[in-house]
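Biologist: Please take a close look at the empty space in this model, and then tell me about the aromatic rings.

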Amino acid sequence: MSFPRLSGLSLKLCLDIEAAWPTVSEFLDLPCKRFGVWSLDEAKRELLAGNGVLWVLFDGKKPCAALLTQIDTNTNNGMICLVGGYHVLAGASQHLVLIEDWARSCGAKRMAMDGRNGWVRFLKAFGYRAEGSTVIKDL
């Protein structure tokens, strides 16, 4: 499976959740509804409480996707919790490195993501493996 690299993509850590929320909530609405782990309001509360990190993917200057990550306090795994928007797969190789580096800096030894089978297949190319329905990569 190959996705075109889009040269104008950049992933940035979002420091102002309130300002970004009107835009990023549009990207995260479908994954919240699809997986039912968090509602949009719960996701925002987690971020504002410092229990997660919001990443925004930009195509040039325009936001096109959002990712919510956190460190699981039970397992100390870095977790990709929510992903939504456009062009996420096109820049995945370079953007996963940033997220994995963040998780390492927080003391994580693994990166994990619960997702659909398409994510499992896609992430195998980046060193992840399936353990049940969770995709894991040792850091």
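Modeller: What follows begins with the empty space and then turns to the rings.

This is a predicted model, in which local features need pLDDT of at least 70 and side-chain atom pairs count only at pLDDT 80 or more, whereas totals for chains, interfaces and linings use all residues. Residues are numbered from 1 along each chain as its sequence is written, and side-chain values use heavy atoms, with hydrogens and water left out.

Rolling a probe the size of a water molecule over the atoms shows where empty space is left. Here the search runs on a 1 Å grid over the protein atoms alone: a cavity is a set of points where a 1.4 Å probe fits but cannot get out, a pocket is an open set with protein on both sides within 12 Å along at least five of seven lines, and lining residues have an atom within 4 Å of a point. Grid points are joined across faces, edges and corners, and a volume is the space filled by probe spheres set on the points.

The largest pocket has a volume of about 680 Å³, and of the 27 residues that line this pocket, Pro 31, Phe 35, Val 83, Gly 84 and Trp 119 are the closest to its centre. Helix H1 (17–35), strand E4, strand E5 (110–114) and helix H4 each supply at least two residues of the pocket lining, and E4 gives the largest share, seven residues; helices (H or I, at least four residues) and strands (E, at least two) are DSSP runs numbered from the N terminus. Sorted by class, the lining of the largest pocket has 18 nonpolar, four polar and five charged residues, where Ala, Val, Leu, Ile, Met, Phe, Trp, Tyr, Cys and Pro count as nonpolar, Asp, Glu, Lys and Arg as charged, and the others, Gly among them, as polar.

The count of cavities of 30 Å³ or more comes to one. The largest cavity holds about 150 Å³ of space, and of the 14 residues that line it, Leu 67, Val 88, Ala 92, His 95 and Leu 96 are the closest to its centre. At least two lining residues each come from E4 (78–85), H3 (92–105) and H4 (117–124), with the largest share, four residues, from H3. The lining of the largest cavity has 13 nonpolar residues, one polar residue and no charged residues.

As for the rings, there are three aromatic pairs in the structure; rings of Phe, Tyr and Trp (its six-membered ring) pair if their centres lie within 6.5 Å, and planes under 30 degrees apart count as stacked, over 60 as edge-to-face and the rest as tilted. The rings of Trp 55 and Trp 102 have centres 6.2 Å apart and planes at 80°, so this pair is edge-to-face. The pair links distant parts of the chain, with Trp 55 in strand E2 (residues 53–59) and Trp 102 in H3, 47 residues apart, and both Trp 55 and Trp 102 are buried, where buried means under 20% relative accessible area, exposed over 50% and partly exposed in between (1.4 Å probe, protein chains only).

Phe 122 and Phe 126 form a tilted pair, at 5.3 Å centre to centre and 55° between the planes. Phe 122 is buried because its relative accessible area is 7%, whereas Phe 126, at 24%, counts as partly exposed. Together with Trp 119, Phe 122 and Phe 126 form one aromatic cluster, and Trp 119 is also one of the residues closest to the centre of the largest pocket.
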